[in-house]
Each structure stands twice: as structure tokens, then as C-alpha cells.
Amino acid sequence: MTQHEVDAWLAVNPGTRFPVRDFVVWATRRGHAKVLDVPHWPKKDPVGMDEDFHWELLLHQRLTDTELPLGVRGAGGSSCSSAST
């Protein structure tokens, strides 16, 4: 398997990126393939969320999400409040 073959496959079958990546990692770790690049999908910036809103949302989650451990909630709250000042 070559990088060109991986790139050609992904160009025609972009929805298979994650299974192909898993397969390439598996094959490489077992010596069946050389190291090949299967790029991640590019991450998009959130639309309509400025930095202040992001920190407010994160702070709100840390203070109100009862499923988070208390230490994380407390540490998250203090770090978020100091980060936004």
C-alpha cells in the first residue's frame, strides 16, 4: 500500500476516512504497511461564538454540571474565572 493509493482512495471515498485510518494504523503497527498519512478532517471554528462567550459557557458548565467530579468543577471554575479577566 502506498501513500498515493491511500490518497486516491480517500479522494473517491471521503466518508471512509476513519475506518481507513484505523486500518492503516493497525497494518503499520503489525509491520504490514509502512507509515502512511491519513489526515484528520479539518476542525472548523465555531460560528457565532466569540472568546468571551466560550469562557462564559465553560464556566457555566463547570459550576452547574453535577456529573463532573467536584474537584474538576471547582478547579474549572477558578481557572475559567481567572482566564476570562
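Read from start to end, the protein chain runs α-α-α-α. That makes four helices and zero strands, where helices (H or I, at least four residues) and strands (E, at least two) are DSSP runs, numbered from the N terminus. What you're looking at is a predicted model, in which local features need pLDDT of at least 70, side-chain atom pairs count only at pLDDT 80 or more, and totals for chains, interfaces and linings use all residues. Residues are numbered from 1 along each chain as its sequence is written, and side-chain values use heavy atoms, with hydrogens and water left out.

Now the chain as a whole. Of its 85 residues, 18% are buried; buried means under 20% relative accessible area, exposed over 50%, and partly exposed in between (1.4 Å probe, protein chains only). The accessible surface is about 6800 Å², and carbon and sulfur atoms own 61% of that. Such areas come from the Shrake-Rupley method with a 1.4 Å probe, and for residues only the protein chains shown count as cover. Take the contacts (heavy atoms within 4.5 Å) between residues at least 6 apart in sequence: 31% of them join residues at least 24 apart.

Helix H2 is a good place to zoom in. It covers residues 17-29, 13 residues in total, and spans 18 Å from first C-alpha to last, close to the 18 Å expected at 1.5 Å a residue (that is, 1.5 Å times one less than the number of residues). Arg17, Val20, Val24 and Ala27 are its buried residues. Down the axis of H2, they fall within an arc of 100°, so they line one face of the helix; the arc is taken over the directions from the helix axis to the C-beta atoms. An α-helix has 3.6 residues a turn, so residues three or four places apart point the same way. The buried residues of H2 pack against helix H1 (3-12). On the other side of H2, Pro19, Asp22 and Arg29 are exposed. Just past H2 comes Gly31, with a positive phi of about 80°.

Two partly exposed residues outside the helices are worth a look:

| Residue | Place | Relative accessible area |
|---|---|---|
| Met1 | segment before H1 | 44% |
| Asp37 | loop between H2 and H3 (51-64) | 46% |

Met1 joins Phe23 and Trp26 in a nonpolar surface patch with about 310 Å² of accessible area together. Asp37, meanwhile, sits 34 residues from Gln3 in sequence but 7.0 Å away in space, C-alpha to C-alpha. Neighbours within four places aside, Asp37 is in contact with Gln3, Val6 and Asp7.

Definitions and conventions:
Patches are made of residues with over 30% relative accessible area and no salt bridge: like charges are joined within 9 Å, nonpolar side chains (Val, Leu, Ile, Met, Phe, Trp, Tyr) within 5 Å. A salt bridge is a side-chain nitrogen of Lys or Arg within 4 Å of a carboxyl oxygen of Asp or Glu.
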